[in-house]
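Here are a few short exercises to work through with the model open on your screen. Have a go at each one before you read its solution.

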Amino acid sequence: MTPTGPSTDVSTTAKRRVLISGASISGPALAYWLHRSGFAVTVVEKAGSLRGGGYPIDVRGTATEVVRRMGILPQLQDAHIDSRRCTFLNADGSVVASVSPRAVAGSAGGQDLEVRRGDLAAILHAMVRDDVEFLFDDSIDTLDQSGQGVDVAFRSGQQRTFDLVVGADGMHSHTREYLFGPEEQFHRYLGYCFAIFTMPNTFGLSRELMLWNTPGKAAALYAVGDNDELHAFLNFHRPEPPSQALRSPGAQRDLVATVFAGAGWEVPGMVNAMRDADDLFFDTAGQIRMPHWSSGRVALVGDAAYAPSFLTGQGSSLALVGAYMLADALATNRDHTAAFAAYERGVREFVVMNQALVDKGAATLFPTTVRALEQRNTKLRDLVTMPSGPAQPAHSALTLPGFAPLP
Ligand SMILES: Cc1cc2nc3c(=O)[nH]c(=O)nc-3n(C[C@H](O)[C@H](O)[C@H](O)COP(=O)(O)OP(=O)(O)OC[C@H]3O[C@@H](n4cnc5c(N)ncnc54)[C@H](O)[C@@H]3O)c2cc1C
């Protein structure tokens, strides 16, 4: 199948050179579309190789159309986790309800995909690795826009000039900080902290999620396949971010252990596993909200510009859609200022709708009060007999330019 995509600019002779910082989801997706539009693309990634791992991520709505146009929909369908059920538990481990994952997520039945983050990153990388230059184990040190292009000094000592630079370097983007200043200005804390790690699947779980809640606390075990490993997840409500704990892994472990002391179900075993985990990831749930996503010849894409937080489940979808729209804007506007303006015009409303899916302390899966938890549980019991819940309009609110929408 020939992939379809943004219009190509064939009117110029010299290839425009673009440097993308970050090789996860938005970076390689943007690299793919820019290469197809005639740009010479370099991707710099600070990790030594493509990063695997991470919780499963969702590709939904408009983003499904992006991956279809890339020609990778069949591969992603093969990689689809296809969880069988989500079981919600009370404080003592008794079952509240066991429902279809699609019913919980508001997903379009049969179309939305859930894949391991590492699988999506690997599929995207494989699409471009022969056509795009990858610089692993390196990163941007300084950017100088005073000349005709962007003079980039890399940490490795290399110096090169690009026509454009795009930061696809995630929630804690160095490119954003370099251009726009400290993250605090743009970070909207959503009232939760979380710890993710893997632990042995000694529970016999298979392609299913178990979620335990008490007001303000949640513990989840997610078996993405039939294998020996589980994704474990501990989430808790905090009105203010625990700034001290964020600085030290030891303090993070202590904080989580303190918060979950005395909890029921399998939580004590999870806390013990967290203590020994070598892949613990602790962070606050938050969003990046910026008035503009570019400055001069440098723009941001994906989480770097508009992270919606895992609470929306839309991070990877926004990254894929944002990459497509930015490439389309650059392919159709020779002038980068016009292109970046078109990119913002095209994507901002979609971003705003998706970021609005969650409000501070009000995530559906993580109620913070007794009353909110009871209300959530009542709704869940109603979903038991439904294969899918109501589809979220925000997931499909953007129609990609240039081509007919999905039938
Ligand atoms: C290892 C990993 C695990 C993740 N796990 C989860 C998860 O469990 N649940 C979830 O909801 N989301 C997770 N995410 C985030 C999720 O991938 C993003 O929300 C979403 O896909 C948007 O992707 P992105 O490419 O814009 O940003 P990200 O996926 O965050 O990727 C940013 C990339 O930039 C690289 N980078 C960072 N700083 C620099 C720098 N200075 N120079 C060069 N490269 C740099 C990073 O190594 C990374 O490869 C994870 C991301 C990573 C990298």
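Domain bounds here come from an automatic or database domain assignment. Keep in mind that this is a predicted model.

**Exercise 1.** Find the domains of the chain and describe how they meet.

*Solution.* Start with the assignment: domain 1 covers 17-81 + 113-186 + 287-358, and domain 2 covers 190-286 + 363-383. Next, look at the contact, which takes 10 residues from domain 1 and 9 residues from domain 2. On the domain 1 side, sort those residues by class: you get 6 nonpolar, 3 polar and 1 charged. Finally, take the centres over C-alpha atoms; they sit 29 Å apart.

**Exercise 2.** Work out how covered helix 1 is, and which elements its buried residues pack against.

*Solution.* Take residues 26-36 and count a residue as buried if 20 or more other C-beta atoms lie within 10 Å of its own. That makes 10 of the 11 residues in helix 1 buried, among them Trp33, Leu34 and Arg36. Now check their partners: strand 1, strand 2, helix 2, helix 5, strand 11 and helix 11. Just past the end of helix 1, you'll spot Gly38 with a positive phi of about 95 degrees.

**Exercise 3.** Describe the shell around the ligand.

*Solution.* Begin with the nearest of the 31 residues: Gly54, Tyr55, Gly170, Gly302 and Gly315. Then ask which elements give two or more residues: helix 1, strand 2, helix 10 and helix 11. Helix 11 has the largest share, with 3 residues. Last, split the shell by class: 12 nonpolar, 13 polar and 6 charged.

Technical notes: Residues numbered from 1 in each chain as written. Predicted model: local features only at pLDDT ≥ 70, side-chain atom pairs only at ≥ 80, totals over all residues. Buried ≥ 20, exposed ≤ 12 C-beta atoms within 10 Å, placed from the backbone. Helix = DSSP H or I, 4+ residues; strand = E, 2+ residues; numbered from the N terminus. Contact = placed C-beta atoms within 7 Å. Near = placed C-beta within 6 Å. Nonpolar A, V, L, I, M, F, W, Y, C, P; charged D, E, K, R; others polar.
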